[in-house]
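User: I should like to learn how to read the features of a structure that is new to me. Please show it first, and then let us take the features one at a time.

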2 protein chains.
Amino acid sequence: MVTRSETSAATRRALLDAAGTLLDAGGPKAVTLREVGARAGVSRSAPYRHFEDKERLLTAVATEAWRGVGDALARLGPDGDTPPEQALRLALLALVGIGRSHPHLYRLMFATPPADPTALARVAERAQDLFLTVVSGVVGPGQAKQYGGLLLAAAHGITGLELSGHLGGDKWQASAEDLLELLLGLLPDPR
Amino acid sequence: MVTRSETSAATRRALLDAAGTLLDAGGPKAVTLREVGARAGVSRSAPYRHFEDKERLLTAVATEAWRGVGDALARLGPDGDTPPEQALRLALLALVGIGRSHPHLYRLMFATPPADPTALARVAERAQDLFLTVVSGVVGPGQAKQYGGLLLAAAHGITGLELSGHLGGDKWQASAEDLLELLLGLLPDPR
DNA sequence: GCTTTCAGTTGACATTGTCATCCCAACCTA
DNA sequence: TAGGTTGGGATGACAATGTCAACTGAAAGC
């Protein structure tokens, strides 16, 4: 038999999937509650039983994306057999990769502050903590915090410029990969 | 006497000002054509005589912002009496400053690609060229392009993280200023 | 002086987020 | 097991909004 909580959870899942798919395909403008509901097999205002409003639905989508980033970073952790600098390189490239393959999702992830005790905040913080350990493997624990911030900002900025087309043309004559490599080369030795 | 082109130009100006004010105050959601028209003293669909649609109106607002950035960078040019590294520091801080004082405008500036021969493209390119000369004063013309891209990306990323609240908390223990300073310290000598 | 042009207005329409209300089957309790 | 309760879902309705078509009036051109 089908319990109520089962169908409810399934609907919630379907809503999140539909919202994510629509966002990926057509950007934020394509994410209408009516279409989300239709794809999830429910009606237009059914999402209100699972999310406070449209914004919270999008926040939940972003939360899942951050969780995915955290999982990916966990696989790059210091217990892996990847050398530290290579792990850091992969972590930074992963961010750029998300921006390239899911530009709208990427923008959503960095759209709104995770500065309060929400699910988004927790998941994003976990991802940042894991990133910090990766950085720590390269520049040492003492300098990890400051260089972690710089590395994250640089990768985020590179991704943002690429998404907005400001890296295009022959202006900078550098790809995202080139710029990341340049920055990695500037990092100090662990101290 | 009041010529038609005069009033037309004045209306266009008023529309741009109104849109900019609304954007600053309440974000993109607050920019409705009805309110823009009302503040400009015209009716809801008058903007369509000056801009193709709402998006083009916002693009025009972004274009003016980029022009302002270009003007600011021009005042930091090599003919000024500011030492090169200080000029670069000021240029980067200026970007962060715009993000802080006009977050919504800042996001708009980097929202859409200037990769075609529009007014936005020209103005943004001018600003980037001027930035390049500032960078050139620090690392030398030979390395200006690659480091320019990195510096712009870093400043943009720092601003983005600050706006989205990801720099908050004690996670990175570094302000935007700290991170910029850290990066400036890593730059090589002119070669 | 007459016609043309064009900025601006008004009416109308489709889309969309949101809420109030209703419905019904799963759930719980006596 | 019967009857009340609960909560997910559906539907109707509404206001806000972007956009277009038709209309108006005055400046511009002949």
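User: Which helix supplies the largest share of the surface near DNA strand C?

Analyst: Some conventions come first. The model is predicted: local features need pLDDT of at least 70, side-chain atom pairs count only at pLDDT 80 or more, and totals for chains, interfaces and linings use all residues. Residues are numbered from 1 along each chain as its sequence is written, while chains are lettered from A and ligands numbered from 1 in the order in which they are written. A residue is near a strand if its C-beta atom, placed from the backbone, lies within 6 Å of it. Helices are DSSP runs of H or I with at least four residues, numbered from the N terminus. Here the largest share, 4 residues, comes from helix 1 of chain B.

User: Which residues are closest to DNA strand C?

Analyst: The closest are T3(A), K54(A), T11(B), V42(B) and S43(B), out of 21 residues that surround the strand. Helix 1 (4-26) and helix 2 (33-39) of chain A, and helix 1 (4-26) of chain B, each supply at least two residues of this surface.

User: How is that surface divided by class?

Analyst: Ala, Val, Leu, Ile, Met, Phe, Trp, Tyr, Cys and Pro count as nonpolar, Asp, Glu, Lys and Arg as charged, and the others, Gly among them, as polar. The surface near DNA strand C has 3 nonpolar, 10 polar and 8 charged residues.

User: Which residues come nearest to DNA strand D?

Analyst: T11(A), V42(A), S43(A), T3(B) and K54(B) come nearest, of 21 residues around DNA strand D. Helix 1 of chain A gives the most to this surface, with 4 residues.

User: How many residues of chain B are in contact with chain A?

Analyst: Two residues are in contact if their C-beta atoms, placed from the backbone, lie within 7 Å. By this criterion, 35 residues of chain B touch 36 residues of chain A. Helix 7 (141-163) and helix 8 (176-186) of chain B each supply at least two residues of that side of chain B, and helix 7 gives the largest share, 14 residues. By class, this side has 19 nonpolar, 13 polar and 3 charged residues.

User: By what turn can chain B be laid on chain A?

Analyst: Copies are superposed by least squares on the C-alpha atoms of residues with pLDDT of at least 70 in both. A turn of 180° and a shift of 0.0 Å along the axis lay chain B on chain A with an RMSD of 0.0 Å. That is the relation of a two-fold axis. The same surface serves both copies, as 100% of the contact residues of chain B recur in chain A.
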